[in-house]
Amino acid sequence: MSTEKLIEVKNVSFRYRDDSPYVVKGINLSIKRGEWLTILGHNGSGKSTLAKMFNALYTPNEGDVISFGHNTKSSDTWTEIRRQAAMVFQNPDNQIVAPTVEDDVAFGLENAGVSYEDMRRRVSDSISRLGLEGMEKREPHQLSGGQKQRVALAGALALKPAVIILDEATSMLDPSGRAEVLTYIKNLHENENMTIITITHDVEEAVFADRLVVLKDGQVLKEGTPAHLLTDADFLREAHLKAPFTVQLTTELKKHGVDLRRDALTREELVEALWTYKQTH
Ligand SMILES: Nc1ncnc2c1ncn2[C@@H]1O[C@H](COP(=O)(O)OP(=O)(O)OP(=O)(O)O)[C@@H](O)[C@H]1O
Ligand SMILES: [Mg+2]
């Protein structure tokens, strides 16, 4: 991870109408190149509103958002900012617009004025990075939810963004679709060093991030690593969050005399910790 800040949020407040209350209140936050940031919070805590300020879909009423060096207040940089920060949303059926998978992946590029040759290259590259080879001619309605979200992600990647923002992109999927999409997000982060922002209300999805920002009522309640925050029983209580399954299990095992002696947040880490325990006891 570099120290270069791609997005800086400075004392930002936002309300939808002049006569309605602020739903984002005095937020400070920055996103560094190469990191995976998860914004975690309950329904209505302001996650989506904040995310839409990252790529200038909304602009702050107070404070500034500097995205890729541009203040989002000046509208002449919105096109560039939105190309750099691609978003994938919750509902797979609302995001697919074209009759085939490859046309859908190409859709954003057609609008961006990319040459035909470059477009072909980018589409096939994105399709292979999302494991969609062989599905190019498929009609999107024939795909599973997880596959549809992979198509949406491929379309976002084809734009060569600096950041991919996924706003509850797995929340409408079944467990296998969820796992499938998460696998590709992890892959983009780990193997391609892609900067990722995921937004979720689900602690189980917050375990993969490098850093967590927890929102409550439009404010940052706490910021830190998942290992720090999601194993902190006092904090979880204050935030009205339950511990991830792995942490719950580790805690229960300890009560029964099985002390794994380390925090296992992902299932892979838990399996490894159990294995190590088994070999030393
Ligand atoms: N278009 C809108 N017009 C008016 N109020 C809105 C609009 N969108 C969201 N709000 C309000 O702003 C607050 C924050 O909403 P936001 O959608 O940002 O929260 P969220 O954390 O993304 O919630 P969820 O988990 O439901 O997606 C809520 O009180 C919501 O009702
Ligand atoms: Mg939301």
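Q: A polar contact is a pair of N or O atoms within 3.5 Å; what makes the pairing of Asn-43 with ligand 1 a case of this?

A: In this predicted model, a polar side-chain atom of Asn-43 lies 3.0 Å from an oxygen atom of ligand 1. The pair counts as a polar contact because 3.0 Å falls within the 3.5 Å limit.

Q: What part of Gly-44 and what part of Ser-48 take up polar contacts with ligand 1?

A: Gly-44 uses a polar backbone atom, which is 2.8 Å from an oxygen atom of the ligand, whereas Ser-48 uses a polar side-chain atom, also 2.8 Å from an oxygen atom of ligand 1. Both distances are within 3.5 Å, so both pairs qualify as polar contacts. As for cover, ligand 1 taken alone exposes 640 Å², and the protein buries 57% of that.

Q: Why are residues such as Tyr-16 and Glu-168 counted among those that surround ligand 1?

A: They are counted because a residue belongs to the surroundings if one of its heavy atoms lies within 4 Å of the molecule. Tyr-16, Val-23 and Glu-168 are in this shell, together with His-42, Asn-43, Gly-44, Ser-45, Gly-46, Lys-47, Ser-48 and Thr-49. By class, the shell has 2 nonpolar, 7 polar and 2 charged residues, with Gly counted as polar.

Q: Why is the space lined by Trp-36 and Leu-166, among others, called a cavity?

A: The name applies because a 1.4 Å probe fits there but cannot get out. The structure holds 2 cavities of 30 Å³ or more, and about 80 Å³ of space lies in the largest. Its lining includes Trp-36, Leu-166, Glu-168 and Thr-198, and the elements that give two or more residues to it are helix 7 (175-192) and strand 8 (195-200). Strand 8 gives the most, with 3 residues, and the whole lining divides into 6 nonpolar, 3 polar and 2 charged residues. Glu-168 is listed in this lining and also around ligand 1.

Q: How do you know that strand 9 takes part in the second largest cavity?

A: Strand 9 (residues 211-216) gives the most to the lining, with 3 residues, and Val-214, Leu-215 and Lys-216 are among the lining residues. These three count because a lining residue has an atom within 4 Å of a cavity point. The second largest cavity holds about 40 Å³ of space, and its lining has 5 nonpolar, 2 polar and 1 charged residue. His-42 is one of the lining residues here, and it also appears in the shell around ligand 1.

Conventions
Residues numbered from 1 in each chain as written. Chains lettered and ligands numbered in written order. Predicted model: local features only at pLDDT ≥ 70, side-chain atom pairs only at ≥ 80, totals over all residues. Heavy atoms only, no water. 1 Å grid on protein atoms, 1.4 Å probe; cavity = no way out; pocket = protein on both sides within 12 Å on 5 of 7 lines; lining within 4 Å. Points joined across faces, edges and corners; volume = space filled by probe spheres on them. Helix = DSSP H or I, 4+ residues; strand = E, 2+ residues; numbered from the N terminus. Polar contact = N/O pair within 3.5 Å; in protein donor to acceptor, adjacent residues only side chain to side chain. Areas by Shrake-Rupley, 256 points an atom, 1.4 Å probe, with all protein chains shown as cover.
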